[in-house]
Amino acid sequence: MTWTRRALALLLAFGLVAAACGNDDDEAGDIGTAPAPTAAEEAPAPAGEEDMADDGADDADSGMADDGDADADDGADDTDSDADGGMADDGDSDADSGMADETSGCAENGLTDPSDMSSDRVIARCEPGYPVPQPLAERQTVRLANRFRAEFVAPILLAEHYGLFEEENIEVEWVELSLTDSMVPLDNCDVDFAVGGTEASFHNGVAQGLDVRMVVGNFFPPDAGDASIAQTGLWVRRDVFSDPQNPDITELQGARVASAVGLGSVIVYPMAQAFADAGFSLLDLEFERIPSSEMLIALENNAVQGAWLLDPYWIDASENPDDYVLMVTQTPGEPLGGLYAGPCVRTGDRREAGEAFVRAYIRAINTYLPPDYQDNAEVMEALVEQTGAPLESLERTPGLYFDWEIRDTTSQNAQGFFIEFETVEYEEVLPDDQVIDRSLYEAAVTGG
């Protein structure tokens, strides 16, 4: 399909989604954390790049399907080799032993079973410093579409801060585009990676033939799934319920609920699942599109009866437990967004640059982002510098659990609800191999 045909198809698909969901001007959408006020200003587009409006429908993830064509030496360099990007050249070791050294710190738990959806599952982790850098023979620039300098993209910010991209001999150029606006540039290889969520607009683009896949996961809240613990989620006025101290979720039918994005957001998945378990549909509610920063005011004024409150807005609701109650959280142990990539860094001639970027991303998680990273003063100082947010603002909310893996059913479940709500322009769920490519992170932690 030519660029023109793809562009026209994409515009048609996104136009239909916009008609169904509206256009969103909220910076954080329904996924992640609300960025610091200066976040967009600190991630400028390169000269001549048009400042495209964020539709909010893509704040978390993506990548392409594994074609198994990666060259063997993409993961075979060790830290003592010259910056030639090749296999370990020590005469006393062969390529296999060099590869093992570079990823040995990931051998025990670098990959887990993607079908494990249990809330207490083991999260993939390597030893700090792994996977080790494998600097490219020639310096390459990786273009990243991302509008946010916020804690939920901490692996990228810390890889930049601590020079992990430099260790791989890559330079990361930030492009201020949302995932929706990045889909055609990703397909054309004008952009290499994009930050976003597993939204309806992403799936529509793939269904229209764009060669874009979700390649890396991002995070989930540590207490996701436990509505007894205050956190991001669906907060509801207690006076909606006939017994405010023992709220019955079925009494939400007919209520007005605020969302920054609408029914095209991946966050409808945990809400719709919770309502389906209670015997009714999300379509039995009335959705109001309201920016995240204004939702609490709308709740207070009874303009809406419920709202999906992001960090840090839920904190104010939690401090008024007589007025508000948390009814639904993000699904436990399941990233709902991440990084998306086009064909060149997945299966094409820039595959080694794609692997280098993902290695640095994963190394940042393993080295600087354990579950208790907020106790590390140096890391928090780096996040303050990178996000522009005050330390006290970052510390108001619990740290996130960063997870580079992609669960088996995330896209499938989300698509099922998108199809039900008619926010995608197709009727059969796209299989995982059309929307997900795990090969970049698998290569990073195995050297294969």
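**Note on the predicted model: the β11 sheet and its surroundings**

1. In β11, Leu326 is the bridge partner of Trp235. This pair belongs to an antiparallel arrangement in which strand β7 (residues 233-237) is joined to β11 by five bridges. The model under review is predicted, and the remarks below should be read as a description of that model.

2. The sheet that contains this pair is open and has five strands, in the order β9-β8-β10-β7-β11, with mixed pairing. Its edges are formed by β9 (286-289) and β11; each has a single partner strand, so one side of each lacks a neighbour in the sheet. On average, and with direction ignored, neighbouring strands here are turned by 30 degrees against each other. As to the bonding involved, strands of a sheet pair through backbone hydrogen bonds, in either the parallel or the antiparallel sense.

3. The parallel component of the mixed pairing includes strand β8 (residues 256-259) and strand β10 (residues 306-309), which are paired over two bridges. Within β10, Ala307 is the bridge partner of Ala258.

4. Helix α7 (residues 268-277) packs on this sheet and touches β7, β9, β10 and β11. The direction of helix α7 makes about 100 degrees with that of β11. Helix α8 (residues 292-300) lies across β7, β8, β10 and β11, and runs at about 155 degrees to β10.

5. Why can β11 be described as largely enclosed by the rest of the structure? Six of the six residues of β11 are buried, and the strand is therefore largely enclosed. This should be read together with the position of β11 at an edge of the sheet, where it has a single partner strand.

6. The loop between β11 (324-329) and β12 (337-341) holds Thr331. Is this residue buried or exposed? Thr331 has a relative accessibility of 12% and therefore counts as buried, the cut-off being under 20%. The side chain of Thr331 is joined to the side chain of Glu334 by a polar contact of 2.8 Å. With neighbours within four places in sequence left aside, Thr331 is in contact with Ala224, Tyr269, Pro270 and Leu336.

7. A second threonine deserves a remark. Thr180 is placed in helix α5 (residues 179-188). Its relative accessibility is 6%, so Thr180 counts as buried. A polar contact of 2.9 Å links the side chain of Thr180 with the side chain of Ser201.

8. Turning to the chain as a whole, it has 15 helices and 13 strands. Of its 448 residues, 59% are buried. Among contacts in the chain with a separation of 6 or more, 84% are accounted for by residues 24 or more positions apart. The exposed area of the chain is about 16,700 Å², of which carbon and sulfur atoms supply 46%.

9. Confidence should be considered alongside these totals. The average pLDDT of the chain is 84, and 78% of the residues score at least 70. Residues 1-28 have a pLDDT below 50, yet this stretch has 59 contacts in the model beyond near neighbours in sequence. The pLDDT is also below 50 over residues 35-99, a stretch with 196 contacts in the model beyond near neighbours in sequence. Totals for the chain use all residues, so the figures in point 8 should be read with these two stretches in mind.

Note on methods: Residues numbered from 1 in each chain as written. Predicted model: local features only at pLDDT ≥ 70, side-chain atom pairs only at ≥ 80, totals over all residues. Heavy atoms only, no water. Helix = DSSP H or I, 4+ residues; strand = E, 2+ residues; numbered from the N terminus. Buried < 20%, exposed > 50% of the residue type's maximum accessible area, 1.4 Å probe, protein only. Polar contact = N/O pair within 3.5 Å; in protein donor to acceptor, adjacent residues only side chain to side chain. Contact = heavy atoms within 4.5 Å. Pairing = 2+ DSSP bridges. Areas by Shrake-Rupley, 256 points an atom, 1.4 Å probe, with all protein chains shown as cover. Axes fitted to C-alpha atoms, helices over the stretch in contact; angles between N-to-C directions. pLDDT = per-residue confidence, 0-100.
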